[in-house]
Amino acid sequence: MTKMRSNRLKIVFMVCLAIVTIGGQHFESKVAQLLQDETEHIKCFVERKDLTCFWEERNHLHHQYTFTYSYENKNKMACAVSSLLAGNKTIFFCKLPKTPFFTTLDVQVLRDGRMLYTRSLNAENFLFLDPPQNLTVMSSGKEGQLNVSWLPPPLKYMDDSMIYEVRYAAEGSNMGKVEVVKVSTMLVLLGLQSDTRYTVWARVKPDGVAYKGYWSAWTEPVFGVTPPSDVDPLIVLLVLFIGLILCLLSLTVILSHHKFLLKKLWPDIPTPEHKFPGLFTVYKGDFKEWMSQNNGSMWGRSAHVYTEELPSPLEVLSEVSLTSHGMSQREEEEEKESERSDSGLTDRWRDPPHAHWLMEQLRALQENPESRCQSSLLQSHDTYVTLNQGDNEQQVYDVFEETLPLQTLFTTAGTSSLSTSHSDLGSLQQSLGSGRLSSRSSFEYPNHTWPHKGPGYAYMAVADSGVSMDYSPMSSSRIAELGRHRMYTNDYKNEICPHKWPLSGQHIKSGSESCTGPVW
Amino acid sequence: MFYIKLVYWTCPGLSSPLRPICDLRVLDHFIKEAWDAEAALRACKDACSTATNFTVPLTRVDFDVWEAMNIEEQAQEVQSGIHVLNEAISSLQASNQTDVLQSHIDASISNIASIRQVLRSLSIPEYVPPTSGGEDKEMQKVSSISELFQVHINFLRGKVRLLLANAPVCHQGVS
């Protein structure tokens, strides 16, 4: 029995000590806070419904302190003074039990019987509450939300006069937010990050209407985790539906403009089929047959149909006969007829007027080469090459473009003769000249002998198709051999020899050692 | 909206019963205006002094004592105090005061009238003057206008608010 009684007493003592300790922790923290914030000498606050007043003094002074109080100027009453050591200072305090509210309280501190401090106050204006109890943070199940709740101060008649502050921050973040709540003891935190751990604190204070006071201390931190982001199925459906509509719209646009897009991405390879109707379909590509069948229709074509740049014939004329260019009247009439019959074609594709004259000249040369060689000098309106040997005064035209009239001089010593003519397209007419031509120039020339005149001039009509000819600049050594002003664009060998030129159409081999002359 | 309701209820001749005004925010509004008046008059302590004394109610509240009183006793104490305050503040209207003080006096008189209507809506018994002819025990004397308005604010946020917060009509149906 005695042991049981002593054990009970020990338990009660421990509980009381715990209560006192807890209260002491809150009391000391409140005292510490008021020592910083309150400027009055006598600092007072109301815990629950009891008013506590305290002041601080230095330790080395040992005095007798007396605390008295009175309500509404009635009789003064004394209060028992207690003390707490705080470093090098001592805290003296007095707790007034069952302090009346809504009335004026006068307090005085006497030291050794002398008035030290005095103050008048209303107790309901100095509420210093404990932090809210039971702070709880729970997930509401909704994305970015947390439910926070707590208990109000256990004060009758005052719970509807409180204001709360809730502070929250993501774990590890220094930036926090504060929410103010009036009267209510719960709060829903919105706009939080998903799947994040948050720390929450709370504190309380009277709202200042019926009661006034200080902010309580912050509660101990409480943690809560927001739920992970959840994709709303309705949103998924809407996104899919909108995506489907966009796909259909884009498909419609693409199909309506597919021709344009195909033309841009895969342009058609141009073919001349449309210019030659029926050539590939009816005549299987037989151009000759197609031409023979379509001669009549082709005459009506405009000259602008053929926009390609046709090769300009290169004609090398001979100086042998200057009067040869004057065609006979018969030849002119024949040429005119041929012009009329070929009016449907472009001028480039028909034989030039002087082609017949050249043929005649060649035949004449063949019959009488000596008479022709001296006087034949072809003139035409096409580009031609003149071979001028040894004459420095002669002007050499450097023609680099096939479309320009090509003038080439083969100068020889003591001679000065320059003649230009336009080459005859398609004309493999060989003009008069002395010397042999290289195999690179495909043409035909009468088999006759050119008389020398000095070395004389050699003119040669060469068809410059622009493709078959080998155009390459002549080397400087070759140019030096021919003279300073000689610049040839065509790689062409022309050996001027005082012997017959074969007119059988045989290709002349180049590089003959028996002949000398300009070599391109 | 609240003021419209109060005007409707204060109009005489209305036969419809008053709906109980249990929301303490109504009284809190009057208390805030009483705070403004007390703060304004605290500054003119000397300029606002008067030669006569005012009879004003006691404002002290001992929670243990208050809880021991029944509703009728609490109502009687509140109604008598409001009556006395109204007489004391109304007596200031006759004297020459500044415009600022006059506006606070007028607002306080109006608010007291509204509070009476609120008490009526809560079925709080009306004030009955003592028949003995002696002074009320719960009264005191003040000598300045600033003290008068200090009593005014303390009485409203003390006894009046405690009475309204615990009005039986507002707690009907709550276990």
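Before we start: buried means under 20% relative accessible area, exposed means over 50%, and partly exposed is anything in between. Keep in mind that this is a predicted model.

**Exercise 1. Sort Cys22(B) and Cys247(A) into buried, partly exposed or exposed.**

Step 1: Look up Cys22(B), which has a relative accessibility of 31%. That value falls between the two cut-offs, so Cys22(B) counts as partly exposed.

Step 2: Now take Cys247(A), at 51% relative accessibility. The cut-off for exposed is over 50%, so Cys247(A) counts as exposed.

**Exercise 2. Find the disulfide partner of Cys22(B), then work out the handedness and what the bond links.**

Step 1: Check the sulfur atoms. Those of Cys22(B) and Cys170(B) are 1.9 Å apart. A disulfide needs them within 2.5 Å, so this pair makes one.

Step 2: Go to the torsion about the S-S bond. For Cys22(B) and Cys170(B) it's about -95°, so the disulfide is left-handed.

Step 3: Place both ends along chain B. Cys22(B) sits in the loop between α1 (2–10) and α2 (24–43), while Cys170(B) is in the segment after α6 (145–165). The two are 148 residues apart, and the pair links distant parts of the chain.

**Exercise 3. Do the same kind of check for Cys79(A) and Cys94(A), and say whether each is buried or exposed.**

Step 1: Their sulfur atoms are 1.3 Å apart, and the two form a disulfide.

Step 2: Find the elements. Cys79(A) belongs to strand β4 (residues 77–79) and Cys94(A) to strand β6 (residues 89–96), so the bond ties together parts of chain A that are 15 residues apart in sequence.

Step 3: Read the accessibility. Cys79(A) has a relative accessible area of 12%, so it's buried. Cys94(A) is at 0%, so it's buried too.

**Exercise 4. Which way does the disulfide between Cys44(A) and Cys53(A) turn, right-handed or left-handed?**

Step 1: Confirm the bond: Cys44(A) and Cys53(A) are joined, with S to S at 2.0 Å.

Step 2: The torsion about their S-S bond is about 110°, so the disulfide is right-handed.

Step 3: For the surroundings, note that both cysteines, Cys44(A) and Cys53(A), are buried.

Step 4: Finish with the tally: over all chains, there are three disulfides.

**Exercise 5. Describe the make-up of chain B.**

Step 1: Count the elements: six helices and two strands.

Step 2: Put them in order from the N terminus: α-α-β-α-α-α-β-α.

Step 3: Add the burial: chain B has 175 residues, and 45% of them count as buried.

Methods. Residues are numbered from 1 along each chain as its sequence is written. Chains are lettered from A and ligands numbered from 1 in the order in which they are written. This is a predicted model: local features need pLDDT of at least 70, side-chain atom pairs count only at pLDDT 80 or more; totals for chains, interfaces and linings use all residues. Side-chain values use heavy atoms; hydrogens and water are left out. Buried means under 20% relative accessible area, exposed over 50%, partly exposed in between (1.4 Å probe, protein chains only). Helices (H or I, at least four residues) and strands (E, at least two) are DSSP runs, numbered from the N terminus.
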